Every structure is written in structure tokens, then in C-alpha cells.
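The following exercises ask the reader to work from the coordinates to a reasoned description. Each task is followed by a solution in steps.

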Number of protein chains: 2
Amino acid sequence: MGCSSALPHILCFDVPLAEKALIACIRRQAAKGGGILAGIGDDCAVLPLPPRHEALVTTDFSLEGIHFRRGWHPAESVGHRCLTRGLSDIAATGGQPQAVFLSLALPRNLPQAWVDGFLRGLLKLARRFGVGLAGGDTAESPGGVLADIVVLGSVPKGKAILRSGARPGDQVYVSGELGGSAAILRRMMEKSKRKLKPVDYPRHFFPEPRVQLGRILREKGLASAMIDISDGLSTDLAHICEESGAGAEVQAEAIPLALIGKPGHEVDLGFALHGGEDYELLFTAPGGKSIPTYIAGVPITLIGQITRGRKIVLRNANGVGREFRPQGWEHFK
Amino acid sequence: MGCSSALPHILCFDVPLAEKALIACIRRQAAKGGGILAGIGDDCAVLPLPPRHEALVTTDFSLEGIHFRRGWHPAESVGHRCLTRGLSDIAATGGQPQAVFLSLALPRNLPQAWVDGFLRGLLKLARRFGVGLAGGDTAESPGGVLADIVVLGSVPKGKAILRSGARPGDQVYVSGELGGSAAILRRMMEKSKRKLKPVDYPRHFFPEPRVQLGRILREKGLASAMIDISDGLSTDLAHICEESGAGAEVQAEAIPLALIGKPGHEVDLGFALHGGEDYELLFTAPGGKSIPTYIAGVPITLIGQITRGRKIVLRNANGVGREFRPQGWEHFK
């Protein structure tokens, strides 16, 4: 916000129309929620945090050609997915989102309708979670649409759920179902079927950040470690194991597979093991803890255990184990 | 930080080497200052704020081809300038920087040496201001280098200096000298002289965020409104007037002109009136306040007054006034 929370740094001779309209639109639409004391139109946003809380900060790129394609993803979906990435990180620490900041660089020829749709998708999700757009930055993009979303959240002092808290003997749980987003992306990549109806494929186009679930797990002291599944189960479980200095064993047949499309079709296991952008929560809990099968309306499934050592093993229905290597997630490969 | 504070979302099949090295480099180099409780390697950074303080958040793009050129700006300068933008916004509210977050998208073919230089420039400045790199995001860039810097700061409750606090009768002050950065950029744009020695032109390549000055103005209750000069005096004064619902009158001959190069050469008034990226502070103070001529080693100059109405007038040495219109700052036009 060198110029102002949402005014461009490349004022004013020749600012693209889309950018001028964007600023006006953001100022008009930005919800004044979340106790924002000064927001768009100042050098910094000024925000109170609840007493005895710590600040949570997360930043996530959404880059055209890397994280989305304008030909495949409607603008509202891009805006929704952009904010989901940030809210999901807040969820994964058990925190409460407080305010959103959007840095948005737009190519000169971008239709205004696209910007409107993007903001509509983003702000609709923000309103549902009671967070205001408190600032950000705008610029002309030298290439495609470039968005960077920042979410400021809060969590009671010392209560953030980290990746590093898993201990041998802990159980491994996952929320919802996995593999839906990646399987839908694959379906889009099959040339003839690129144009999918977003409303039929919400797991990819409008994924749900699990903010309430994360908060309940923290409030009830159920989770010892947590992460959101943005890069795929194999990669995100490896992050927990790495940060916790432990290994894990996962039962392949326990992994809940997403249904996609209409009529619903169960995704292949590969998508559930390695596909990204499901934004479900992966967490561990000490063996003695009783975990409900549903929390905040979301099914919770036991899929494995944390082990000593550093190996992560995937065991099939016959009990045969193989190493479960991280095979992260590249959006368009 | 969907994947982790600084791990890529486009793991892991085919992550460009520069990106892998970047993550390792950030994790290694990131200063563990500023009381960061969890940082790189978690979904969110967790940060304590001082009691009875509010959070300040600012985000600023630094985009190749828009804010810098790799052919003109050494990597260290790009990293330094990137962070200066954020620190300067914190300075302009009288706040204290707490932590830095860097979202960085790199083209596949970017030399590792460039990334090293960029981080060296950024982290050197961060260390000088006692702030740690607490997280961010990395991705492959579809175009040039794309950086978005986020600075989290804090300010005692209710004490942030906003743009909206100027009142008719207030005096208008500016720190340091103006026009240096833009005049140097113009010199670079004259083809034959593109390669300037950065060490001889620090006002453009290594500008100084006025954090200490901003904090002293806030602590001593001297400033009624404040902004940093990132878009040029004419544009940034217009922001103060707009947010404060007031006008202003500026004495042209009072404006302190920067000296650039060796031997020093005074810039033309036009650069001081409209050139951006000086990162000096522009502030107002009630008429009764006595403002020192130096604060934190930086000269402070009275350049005008806040007036009733909404007009901004520039008055020359003969007392003749003309409307002083914002003529913002486009980096490479």
C-alpha cells in the first residue's frame, strides 16, 4: 500500500480503465467488517486483535496460467478459489480470519466484466466468513492476471495448531473426501470436455475452506498437528511428518474418495493420494482422544497412524505396505 | 501459505531449480527475529503483538517491467526497494514493523545468482530494522519476476497516524529531499547512460524507509496526518487532502530538491513535484506545534498549509498561484 491500500502505484497518466474501475469497485464493495479501523485509502490497514490473541498471517499467489486458466475457470471461481487458499490456511491452524488483503495486477486489455466477476466470487466468500477486504495493492500486469491474497487471522495465545505437533501413536484423520478437485481438472484437460459446468463441479470451482472445523478442533483440544490439503495428501502428510520428526502409516482403503459430476462418479485412488486443492484438513490426534465422525457437518475419517522413524508407508487392503512418497501437485501438468 | 509458508504450491514433479533453492535459501537465511512463534514451514505465521497495540498490514507489488527492470536494477536493489515499499507504509502510520512476508514468483530460467542477490538486498534491510522474514509463498512465474511484499506492524491502540487527520490551518512538512529517484530513473532512460553505478545513486537504488522518523512523530504527537511519498508529492498530497476533506497551498520555492550523482546535481522542480519513489514522509501538524528542523537525522521542511475548500494550489516565488494537480507516477513512461 505504498500509494494507498488499493490505489495503484502506477497512477495516473495512463492507468488502464480496468484498474481505475477496480479501485472504485473495491472501495465501494469492500465490506467494513472485522473491526477494520482504517482500510482502503490509507498507507496501512489498522486492525485490532482480540486481547490475549496472536496474529496469524498467510499469503498465497493465484497466477493465471499457473493456478488457473481464464478459458477454463469462470472469474467468480478464480476469485473464490483465490480467497479459499488463504482462509484454508487460517483453518489449518485453528484460527479465526479477521481481514483480507488483495494484491491484484491486471493486464491492460482485461474486460471489466472479468474483474467484476472475480471480486464478486471473492467478496461473496469473504462475507460468508465475516471478513472484510481491508486493503491491498493494484498494478498493471506485464502478463496475465496476478493475484496475491493475504489473510490476517487470530488465535488465542499459544493455541495455534502447528504441523510440528504430531507424536508416534497419534491417529491420522482427514475431513471430507479427497481427490475431487484434481480429478475434475483432469476431466477438463481431456480436450473435448474442457467446458464443465462449474455448478456441477463445486469441489474444483468452489472449494469450501474448513474454518469452522479447524476452530472446533482447536477449541476442543482434539488435534495435535494440522495442515490443509492444498498440495495433495502424500505431500501434505509428508510436511506434518517432516515438521514433527515422525513417520506415518496410511491405510489406502480407508481414504475417503470424492464423488464428482452428475451422476456422481468416484475418483480414482491416485487423485485422492496425490491430487491438490481439496482444501480438506489433515490432522493428528493422540490415541486416547475420541474424535466424532462428523464435526461442523463435515465427515471425519481415520486413515492411519503416526509412527516412529521417518518413513511414510501406504498399506493396501491385503496389508501389503509400500513407501508413500510425496508426489506433489502441479496444476496443469 | 497453502502448502507451507514458503513452499511452492506447484510441488514437486518439476519445480524449477531456482524455486527449490529459493525455499532452502529463505529457510536458511530468514532471521528469526521479531518474536515469530511459527514461520516458514507452517500454514500460517503465528506472531504475538505487543499488548494494547493494533496490527498494521500493508502489501505492495514489485513487478518486473512495471516497477523495475532486470537490465537496469541490480538484484540487490530490487530486493531492497521491494521491502522499502512496505516499511515506508508502516513508517507513514507511525508504526513499528514486526514481520515480513514475501510472495515471489520466478521465471523458470532465472539464474540462481539473481535470486541470491534479491534476497541479500531484502534481508539486509530487514535486519537493519530488526524484522524477520516470517513466510510467504513461491510459485513459478508465467512471465517475469513477480514479488509481493507484506509487512505486519504494530502501533499503540488508537495512535496510528492516518491520512484523514489534516485540518485547515495545519502546516505541511516534508522530510529529506524530493525528486531524486525519478530524476535518476530519467537519467537511466537516456539510452547512453542506462548503466548507472547504483552506489552513486542511492536515492533510486537503495531508498531509505523513514521508520524512526515516523515513530518519533507519532510518539511526540506532532503529526495530524501522514503519508509516504511513493507516488509523488502532487499525488500524495492530494490523497491527504481527499481523505481529510481539505485543500492545501504549497510554496514551490520551499520544496527541498534532491542532489543526485557525483558531483551532486540539483534535480529539476518537476521531479520533486511529481516524481515517485522518494519514500520521504509528507505530514501535517497543527499550527501551534513546534517542529524540529531535524528529526532522527533527517531534515524537515515546511512547504505549505492545509486550507479550507478542496483546491490544492502551488504558489511560486512571486506569490502567483496555480492549481497543483496530481500527476502521478508511472515508472517507465
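**Exercise 1. A residue of strand 11**

Ala285(B) has 23 other C-beta atoms within 10 Å and is therefore buried. The model used here and throughout is a predicted one.

Task: Determine where Ala285(B) lies and which residues it contacts, leaving aside neighbours within four places in sequence.

Solution.
1. Ala285(B) belongs to strand 11 of chain B, residues 281–285.
2. The burial class follows from the count: 20 or more other C-beta atoms within 10 Å make a residue buried, and Ala285(B) has 23.
3. Beyond four places in sequence, the contacts of Ala285(B) are Asp170(B), Gln171(B), Tyr173(B), Leu222(B), Ala223(B), Ser224(B) and Ile291(B).
4. Val100(B) is 185 residues from Ala285(B) along the chain, and 30 Å separate their C-alpha atoms.

**Exercise 2. The pairing of strand 2**

Task: Identify the strands that pair with strand 2 of chain A, and state what stands opposite Leu56(A) in each.

Solution.
1. Strand 2 of chain A covers residues 53–63, and ten of its eleven residues are buried.
2. Within the chain, strand 2 runs antiparallel to strand 5 (residues 146–156), to which eleven bridges join it. Here Leu56(A) faces Gly153(A).
3. Across the chains, three bridges connect strand 2 of chain A with strand 1 of chain B (residues 45–47), again as an antiparallel pair. In that strand, Val46(B) is opposite Leu56(A).

**Exercise 3. The nonpolar core**

Task: Name the residues with the most contacts inside the largest nonpolar core, and list what Val100(A) touches beyond four places in sequence.

Solution.
1. The largest nonpolar core contains 192 residues.
2. Val57(A), Val100(A), Val57(B), Val100(B) and Leu152(B) have the most contacts inside this core.
3. Once residues up to four places away are set aside, Val100(A) touches Leu83(A), Gly86(A), Ala126(A), Val131(A), Gly132(A), Leu133(A), Ala134(A), Ile149(A) and Val151(A).

**Exercise 4. Two helices**

Task: Check the length of helix 2 of chain B against its expected span, and establish what covers helix 4 of chain A.

Solution.
1. Helix 2 of chain B has 18 residues (75–92), which at 1.5 Å a residue should span 26 Å; the end C-alpha atoms are 26 Å apart, so the two values agree.
2. Because 18 of its 18 residues are buried, helix 2 of chain B is largely enclosed by the rest of the structure.
3. Gly94(B), with a positive phi near 75 degrees, follows this helix.
4. In helix 4 of chain A (residues 180–189), the buried residues are Gly180(A), Ser181(A), Ala182(A), Ala183(A), Ile184(A) and Leu185(A).
5. The cover over these buried residues includes helix 5 (202–205), strand 9 (259–260) and helix 8 (269–274) of chain A.

**Exercise 5. The contact between two domains**

Task: Describe the side of domain 1 of chain A that touches domain 2 of chain A, by element and by residue class.

Solution.
1. The domain assignment divides chain A into domain 1 (17–156) and domain 2 (163–323).
2. Taken over C-alpha atoms, the centres of these domains are 26 Å apart.
3. The contact draws 18 residues from domain 1 and 20 residues from domain 2 of chain A.
4. On the domain 1 side, helix 2 (75–92) and strand 3 (96–106) of chain A each supply at least two residues. Helix 2 of chain A gives the largest share, eleven residues.
5. By class, this side has eight nonpolar, seven polar and three charged residues.

**Exercise 6. Backbone geometry in loops**

Task: Locate Arg52(A) and Glu277(A), each with a positive phi, and decide whether each is buried or exposed.

Solution.
1. Arg52(A), a residue other than glycine, has phi near 55 degrees and sits in the loop between strand 1 (45–47) and strand 2 of chain A.
2. Arg52(A) counts as exposed because it has 11 C-beta neighbours inside 10 Å.
3. Glu277(A), likewise not a glycine, has phi near 65 degrees and occupies the loop between helix 8 and strand 11 (281–285) of chain A.
4. Glu277(A) has 26 C-beta neighbours inside 10 Å and so counts as buried.

Task: State the form of the peptide bond from Lys262(A) to Pro263(A) and the place of Pro263(A).

Solution.
1. This bond is cis, with omega near 0 degrees.
2. Pro263(A) is in the loop between strand 9 and strand 10 (265–266) of chain A.
3. In chain B, a cis peptide bond also joins Lys262(B) and Pro263(B), with omega about 0 degrees.

Notes:
Residues numbered from 1 in each chain as written. Chains lettered and ligands numbered in written order. Predicted model: local features only at pLDDT ≥ 70, side-chain atom pairs only at ≥ 80, totals over all residues. Buried ≥ 20, exposed ≤ 12 C-beta atoms within 10 Å, placed from the backbone. Pairing = 2+ DSSP bridges. Core = buried A, V, L, I, M, F, W, Y, C linked by C-beta atoms within 7 Å. Contact = placed C-beta atoms within 7 Å. Expected span 1.5 Å × (residues − 1). Domains from an automatic or database assignment. Nonpolar A, V, L, I, M, F, W, Y, C, P; charged D, E, K, R; others polar.
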